[in-house]
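Me: I should like to take a close look at a single part of this protein and to understand how it sits among its neighbours. Please explain it in connected prose suited to a first-year student.

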Amino acid sequence: MAGSLWWVDRGARGHLYSADDVPAAPVGLVLGALVHADGTPSAFLTARLALAQRLYRSGKVRALLVSGDNSGPDYDEPDTMRDWLLACGVPSDRILVDEAGFDTYDSCARAEQVFGVRRAVLVTQSYHLERAVTLCRHLGIDAAGVGDDSVRHEWFSWWRASVREQGACVKAVYDLTTGRPR
């Protein structure tokens, strides 16, 4: 685990920014998170979307690619994300939807292979950002990242996700070294 954490840290160094300082890119890749049973985005997902909207409004990105899990008829992260952005004034022709971003690896691989993304700003929570940036960079995207900390006050959910992230770093190394299909 320590080796995986080290690898993720090194892969993201120099590519993590604040929203004000991130270099502009053609696309903002917004990674999915929990959608409640009533179809509303969780606080974590809402924070990601608000940050993505801010990057779009400030001209840091020209389009937003929302990527998430759409594995069941009653669960749809990407459409929920698109609907939230539309309701907040992002034009529909500036939003791309990836309905098969089942995990961070899938989202990064599909951004490059399916959507042709070569350079992007990743948007997620800060505890997840290093792994996301590192994976995207190893999968062929010149990725920078902006992390959200606004939901850190939900301390138990934040702590649980941070702990989970350690195992996810091991999985990221495994996925890349075993040649997981893209």
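The part in question is a helix and the sheet on which it lies. Which strands does α2 lie across, and which residues of α2 are buried?

Reply: The account below concerns a predicted model. It begins with the helix itself, then turns to the sheet, and ends with the cysteines.

Helix α2 comprises the 15 residues from 43 to 57. At 1.5 Å a residue, a helix of that number should span 21 Å, and the end C-alpha atoms of α2 are indeed 21 Å apart, so the expected and computed spans agree. The buried residues of α2 are F44, L45, A47, R48, L49, L51, A52, Q53, L55 and Y56. A general point helps in reading such a list: an α-helix has 3.6 residues a turn, so residues three or four places apart point the same way. After α2 comes G59, whose phi is positive, near 85°.

The approach to the helix also deserves attention. S42 lies in the loop between β2 and α2. Its relative accessible area is 5%, and S42 is therefore buried, since the limit for that term is under 20%. The side chain of S42 reaches the backbone oxygen of L34 at 2.9 Å. Leaving aside residues up to four places away in sequence, S42 touches A33, L34, V35 and H36.

The surface beneath α2 is part of a sheet. The helix lies across β2 (25–31), β3, β5 (119–125) and β6 (142–148), and its direction makes about 145° with that of β5. These strands belong to an open sheet of six, in the order β1-β6-β5-β2-β3-β4, with parallel pairing. At the edges stand β1 (16–17) and β4 (95–98); each has a single partner strand, so one side of each is left without a neighbour in the sheet.

The sheet may be followed from one edge to the other. Strand β1 runs parallel to β6 and is joined to it by two bridges. Within that pairing, L16 stands opposite G145 in β6. Strand β6 then pairs with β5, again in the parallel sense, over seven bridges. One of the partnerships here is that of Q125 with D148 in β6. Five of the seven residues of β6 are buried, so this strand is largely enclosed by the rest of the structure. Towards the other edge, β3 (residues 61–67) and β4 run parallel and are joined by four bridges. There, S67 has D98 in β4 as its bridge partner.

A further helix, α3 (residues 77–87), packs on the sheet and touches β2, β3 and β4, with its direction at about 165° to that of β4. The buried residues of α3 are E77, P78, D79, T80, M81, W84 and L85. What covers them includes β2, α2, β3 and β4, and α2 thus has a place in the surroundings of α3 as well as on the sheet. The N-terminal end of α3 is capped by D76, which has a side-chain oxygen 3.0 Å from the backbone nitrogen of D79. Just after α3, G89 takes a positive phi of about 95°.

The cysteines complete this description. Searching the whole structure finds one disulfide, which joins C108 to C136 with an S to S distance of 2.2 Å. The angle about the S-S bond is -85°, and the link is left-handed. It connects distant parts of the chain, for C108 is in helix α4 (residues 104–113) and C136 is in helix α5 (residues 126–138), 28 residues apart. Both C108 and C136 are buried.

C169 presents another case. Its sulfur is 13 Å from the closest cysteine sulfur, that of C108, and this is too far for a bond, because a disulfide requires sulfur atoms within 2.5 Å. With 4% relative accessibility, C169 counts as buried, whereas C88, at 29%, counts as partly exposed. C169 is also a partner in a comparison along the chain: its C-alpha atom is separated by 9.3 Å from that of G3, although the two residues are 166 residues apart in sequence. G3 is found in helix α1 (residues 2–12), and with a relative accessible area of 47% it is partly exposed.

Conventions. Residues are numbered from 1 along each chain as its sequence is written. This is a predicted model: local features need pLDDT of at least 70, side-chain atom pairs count only at pLDDT 80 or more; totals for chains, interfaces and linings use all residues. Side-chain values use heavy atoms; hydrogens and water are left out. The expected span of a helix is 1.5 Å times one less than its number of residues. Buried means under 20% relative accessible area, exposed over 50%, partly exposed in between (1.4 Å probe, protein chains only). Two strands pair if DSSP finds at least two bridges between them. Contact means heavy atoms within 4.5 Å. Axes are lines fitted to C-alpha atoms, for helices over the stretch in contact, and angles run from 0 to 180 degrees between N-to-C directions. A polar contact is a pair of N or O atoms within 3.5 Å; within protein, one must be able to donate a hydrogen and the other to accept it, and residues adjacent in sequence count only if both atoms are side-chain atoms.
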